[in-house]
Amino acid sequence: MKFEPKDPPRRFEVGFGETLEMADCGRLELAPDEQVTLTTAAGSEYDVARKSWGFYATPSLNARLTDFGLRGLLVRNRIGRYFVLLVERGHEDEFEHYRAIEELEVVTWLDNDEALERLRG
């Protein structure tokens, strides 16, 4: 693993509705078969694992991710771009406020077996 902090962080605005300032704090390079875990003060965890062919972008959506207090969902923005988001359990109201401002369409929640099985067709 190689981490290059940005000091000071690069700051930029994002958003279609209310603009928010983001801070790009650095770059993390993983070699194949390395993993990092991102955490929140509340104890939620999010793993990113590197493989020789790419990345596991999330832990299992219907098991470890939910055990870590995160709910996956697929959304579409107002210009037709799709994103997988992770909402921290207990922060759904904050997400709903953000979703409304950004005019995000929830395509499907990805945090239960039923929703995931429907995607299989």
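This is a short report on a predicted model of one protein chain.

## Overall layout

Let's start with the fold. The chain has three helices and eight strands. Walking along the sequence, the order is β-β-β-β-β-α-β-β-α-β-α. If you want a feel for the extent, the C-alpha atoms fill a box of roughly 40 × 35 × 30 Å along the principal axes.

As for long-range contacts, take those with a sequence separation of 6 or more: residues 24 or more positions apart make up 36% of them.

## Surface and charge

Of the 121 residues in the chain, 25% count as buried. The chain exposes about 8500 Å², and 50% of that area comes from carbon and sulfur atoms.

On the charge side, there are 16 positive and 24 negative charges, and the mean positions of the two sets are 6 Å apart.

## Rings and the charges over them

The structure holds two aromatic pairs. One of them brings together Phe 95 and Trp 109: the ring centres are 6.1 Å apart and the planes meet at 75°, so this pair is edge-to-face. The cut-off behind that label is an angle over 60 degrees between the planes. Phe 95 belongs to helix 2 (residues 92-102) and Trp 109 to strand 8 (residues 105-109), so the pair links parts that are 14 residues apart in sequence. The two partners also have their own accessibility values: Phe 95 counts as buried at 10% relative accessibility, while Trp 109, at 24%, counts as partly exposed.

Trp 109 has another neighbour to look at, since Arg 71 lies over the face of Trp 109, at 4.0 Å from the ring centre. Elsewhere, the charged end of Arg 50 sits over the ring of Phe 55, 5.5 Å from the centre of that ring.

## Backbone oddities

A few spots are worth a look if you're checking torsions. Asp 7 and Pro 8 are joined by a cis peptide bond, with omega at about 5°. Pro 8 is part of strand 1, which covers residues 2-14.

Then there are positive phi values in residues other than glycine. Asp 33 has phi near 70° and sits in the loop between strand 2 (20-29) and strand 3 (35-39). With a relative accessible area of 59%, Asp 33 is exposed, because the cut-off for that label is over 50%. Glu 103 is another case, with phi near 55°; its place is the loop between helix 2 and strand 8. Glu 103 has a relative accessible area of 48%, so this residue is partly exposed.

## Around Thr 108

Strand 8 also contains Thr 108. Is Thr 108 buried or exposed? At 13% relative accessibility, Thr 108 counts as buried, given that the label applies under 20%.

Which residues does Thr 108 touch, leaving out those up to four places away in sequence? The list is Leu 73, Leu 74, Ala 115, Arg 118 and Leu 119. For a distance across the chain, try Thr 108 and Val 84: these residues are 24 apart in sequence, and their C-alpha atoms are separated by 9.8 Å.

How values were computed. Residues numbered from 1 in each chain as written. Predicted model: local features only at pLDDT ≥ 70, side-chain atom pairs only at ≥ 80, totals over all residues. Heavy atoms only, no water. Helix = DSSP H or I, 4+ residues; strand = E, 2+ residues; numbered from the N terminus. Buried < 20%, exposed > 50% of the residue type's maximum accessible area, 1.4 Å probe, protein only. Contact = heavy atoms within 4.5 Å. Areas by Shrake-Rupley, 256 points an atom, 1.4 Å probe, with all protein chains shown as cover. Lys, Arg positive; Asp, Glu negative; His and termini not counted. Charge placed at Lys NZ, Arg CZ, Asp CG, Glu CD. Phe/Tyr/Trp six-rings, centres within 6.5 Å; stacked < 30°, edge-to-face > 60°. Lys NZ or Arg CZ within 6 Å of the ring centre and 35° of its normal.
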